[in-house]
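Subject: Structure handover

Dear colleague,

I am passing on the structure we spoke about, together with some notes. Please have it open while you read the rest of this message.

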Amino acid sequence: MKTVKVDIFNALKASTTLNAIVAIKDGVKQIFSGWPPSSAAYPCVGFYRVSGQAGTADGKLSSNKNELYSVDCFAKTMTECEDMEMAIDAAMDTLDWIVTAEHGPDLFEQDTKIYHKVLRYRFK
């Protein structure tokens with residue numbers, strides 16, 4: 001659902017709390033609608049659709065959709081990831097969708113020495 005992706009992006013960009021945390025590189029806040037590029041500055045956020053489903057009603061595709069999005073936080077400390085999590089949760093609360101949180105694991109990327117927090121949100 002393209003509208004959901006646009007709404008997520010706008011909510012993240014509008015969050016003053018999140019924007020105070022994420023890095024700026026070349027004048028751009030490090031919030032990406034997709035996986036962050038290898039050139040991203042930390043801390044940063046990337047989000048993408050994980051899955052989506054829609055059933056059928058009366059032989060037609062239902063307008064009731066169920067979309068799962070991942071919002072991933074990357075930072076040099078776990079504390080920064082946790083601060084981003086709170087800011088992102090608050091941003092998701094501003095959306096006009098039914099949103100439930102289904103957060104995933106906290107990770108540490110050995111090769112880059114970056115903390116990675118996986119946040120999942122289901123939109124209905």
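What follows goes through the overall fold, the aromatic pairs and the salt bridges, in that order.

Please keep in mind throughout that this is a predicted model, and that the values below are computed from it.

The protein chain comprises 3 helices and 8 strands, and these elements follow one another along the sequence in the pattern α-α-β-β-β-β-β-α-β-β-β. Of its 124 residues, 39% count as buried, while the area that the protein chain exposes comes to about 6900 Å², of which carbon and sulfur atoms supply 51%. If one takes the contacts between residues at least 6 apart in sequence, 54% of them join residues at least 24 apart.

Turning to the aromatic side chains, the structure holds 5 aromatic pairs. One of them is formed by phenylalanine 9 and phenylalanine 47, which are tilted with respect to each other, at 6.1 Å centre to centre and with 35° between the planes. This pair links distant parts of the chain, since phenylalanine 9 belongs to helix α1 (residues 2–14) and phenylalanine 47 to strand β4 (residues 44–57), 38 residues apart. The two partners are covered to unlike degrees: phenylalanine 47 is buried, with a relative accessible area of 0%, whereas phenylalanine 9 has 28% relative accessibility and therefore counts as partly exposed.

In another pair, that of phenylalanine 108 and tyrosine 115, the ring centres are 4.7 Å apart and the planes stand at 55°, so this pair is tilted as well. Here phenylalanine 108 is partly exposed at 33% relative accessibility, and tyrosine 115 is also partly exposed, with a relative accessible area of 26%. Ring pairs also link Trp35, Tyr48 and Phe74 into a cluster.

As for charged side chains, the count comes to 4 salt bridges. One of these joins arginine 49 and glutamate 67, with a nitrogen-to-oxygen distance of 3.0 Å. Because arginine 49 lies in strand β4 and glutamate 67 in strand β5 (residues 60–75), this salt bridge ties together parts that are 18 residues apart in sequence. Glutamate 67 is buried, with a relative accessible area of 3%, while arginine 49 is partly exposed at 44%.

Which residues are linked with Lys117 in a network of salt bridges? They are Glu85 and Asp106, and the two contacts may be taken in turn. Between lysine 117 and glutamate 85, the closest N and O atoms are 3.2 Å apart; lysine 117 lies in strand β8 (residues 114–123) and glutamate 85 in helix α3 (residues 78–92), so the salt bridge ties together parts that are 32 residues apart in sequence. Between lysine 117 and aspartate 106, the closest N and O atoms are 2.7 Å apart, and since aspartate 106 lies in strand β7 (residues 106–109), this salt bridge ties strand β8 to a part of the chain 11 residues away in sequence.

Within this network, lysine 117 counts as buried at 6% relative accessibility, and glutamate 85 is likewise buried, with a relative accessible area of 18%, which falls under the 20% cut-off. Aspartate 106, in contrast, is partly exposed, with a relative accessible area of 43%.

With kind regards

Notes
Residues are numbered from 1 along each chain as its sequence is written. This is a predicted model: local features need pLDDT of at least 70, side-chain atom pairs count only at pLDDT 80 or more; totals for chains, interfaces and linings use all residues. Side-chain values use heavy atoms; hydrogens and water are left out. Rings of Phe, Tyr and Trp (its six-membered ring) pair if their centres lie within 6.5 Å; planes under 30 degrees apart count as stacked, over 60 as edge-to-face and the rest as tilted. Helices (H or I, at least four residues) and strands (E, at least two) are DSSP runs, numbered from the N terminus. Buried means under 20% relative accessible area, exposed over 50%, partly exposed in between (1.4 Å probe, protein chains only). Contact means heavy atoms within 4.5 Å. Accessible areas come from the Shrake-Rupley method with a 1.4 Å probe; for residues, only the protein chains shown count as cover.
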